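Open the model in your viewer and keep the selection box handy. We will walk through it one pick at a time.

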Amino acid sequence: MKFVAIIPARYASTRFEGKPLAVLGGKLVVERVYEQVSAVMDAVVATDDLRIFEAVESFGGRAVMTSPDHKSGTDRCWEAYCKLGAEYDAVVNVQGDEPFIRRSQIEAVKRCFDDASTDIATLVRPFGADEGLPALENPNSPKVVLDNEGRAVYFSRSVIPYLRGVERSRWLGCHTFYKHIGMYAFRADVLRRITSLPQSPLELAESLEQLRWLENGYRIGVGITDVETIGIDTPEDLARAEEWLRAHNGIIE
């Protein structure tokens, strides 16, 4: 299959305005994302801000301008894909605030399409028993349950599944819970179709776009990684990322 990665990058983030252009270890955050992804496949940054567009071009990357009115990164990806002027079998959506995304994680998502029935693919990481119950119960870390063939059954901000008859303090030691990592890949024709779907009841209830796709019958394959990434959502996240880079001599595998 022929893959392309599209990296949505917005300037107007409510928690960290201009974060794609923040400097991390001497490089822009969006530059680090682009380097990680373009080492694996064709990549393009999709933005609605001329400052980001020009910054990407200045470091030798490829960027396309998209509408500022998109309600989701998925919609922005589809517009960007339409502007590429080339056809691909699948589109990988990599968030523009994930400078530590690994080759192994991208490859895990791509492998989901070895199954011809996969419409969409995403990534999860098992919660470690040492992370503690607060991490598991954090509603900002959606959880996923999988079927026997490695496809997503449901996503929730609540802890799923509920372990009946087991004290909550023992849950992490009794079951493997999966944390959703927000990287997606879509067959190109599926990406076209899902952007025209109206919001669904479960999506509105949980504020999770992927539930719209499940409710409409799309099959979501799931890749599993044991690597935790550091997303840059706040200035505090950027400071932690700087510490991580220093501890690893600036090397991202």
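Start by selecting Val 92 in this predicted model and show what lies within 4.5 Å of its heavy atoms. Leaving aside residues up to four places away in sequence, Val 92 touches Phe 3, Val 4, Ala 5 and Ile 6, together with Met 41, Met 183, Tyr 184 and Ala 185.

Now widen the view to the set that Val 92 belongs to. Val 92 is among the residues with the most contacts inside the largest nonpolar core, along with Val 37, Met 41, Val 45, Val 94 and Met 183. That core has 33 residues. To see where they come from, colour the elements that give two or more residues to it: the strands β1 (3-9), β4 (42-47), β6 (90-93), β7 (120-126) and β10 (178-187), and the helices α1 (29-38), α2 (50-58) and α4 (103-111). In soluble globular proteins, nonpolar side chains tend to be buried together.

Next, pick α4 alone. Which of its residues are buried? Gln 105, Ile 106, Ala 108, Val 109 and Lys 110 are, so a glutamine and a lysine count here too, with under 20% relative accessible area as the cut-off. Turn on the neighbours as well: the cover over the buried residues of α4 includes β1, α1, β7, β10 and β11 (220-224).

For a change of scene, select Phe 186, Leu 191, Leu 214 and Ile 220. These are among the 31 residues of a second core, separate from the one you have just seen.

Then move to Ser 200, in the loop between α7 (188-194) and α8 (201-206). Is Ser 200 buried or exposed? With a relative accessible area of 5%, Ser 200 is buried, because the cut-off for buried is under 20%. Beyond residues up to four places away in sequence, Ser 200 touches Leu 211, Arg 212 and Glu 215. If you would like to try the distance tool, pick the C-alpha atoms of Ser 200 and Val 40: they are separated by 34 Å, and the two residues are 160 apart along the chain.

Finally, zoom out to the whole protein. In cartoon view you will find ten helices and eleven strands, and the C-alpha atoms fill a box of roughly 60 × 45 × 30 Å along the principal axes. The radius of gyration is 18 Å, which agrees with the value near 18 Å for a compact globule of 253 residues. Buried residues make up 52% of those 253. Last, colour by charge: there are 30 positive and 38 negative side chains, and the centres of the two sets lie 2 Å apart.

Definitions and conventions
Residues numbered from 1 in each chain as written. Predicted model: local features only at pLDDT ≥ 70, side-chain atom pairs only at ≥ 80, totals over all residues. Heavy atoms only, no water. Core = buried A, V, L, I, M, F, W, Y, C linked by side-chain atoms within 4.5 Å. Buried < 20%, exposed > 50% of the residue type's maximum accessible area, 1.4 Å probe, protein only. Helix = DSSP H or I, 4+ residues; strand = E, 2+ residues; numbered from the N terminus. Rg over C-alpha atoms; globule rule 2.2 N^0.38 Å. Lys, Arg positive; Asp, Glu negative; His and termini not counted. Charge placed at Lys NZ, Arg CZ, Asp CG, Glu CD.
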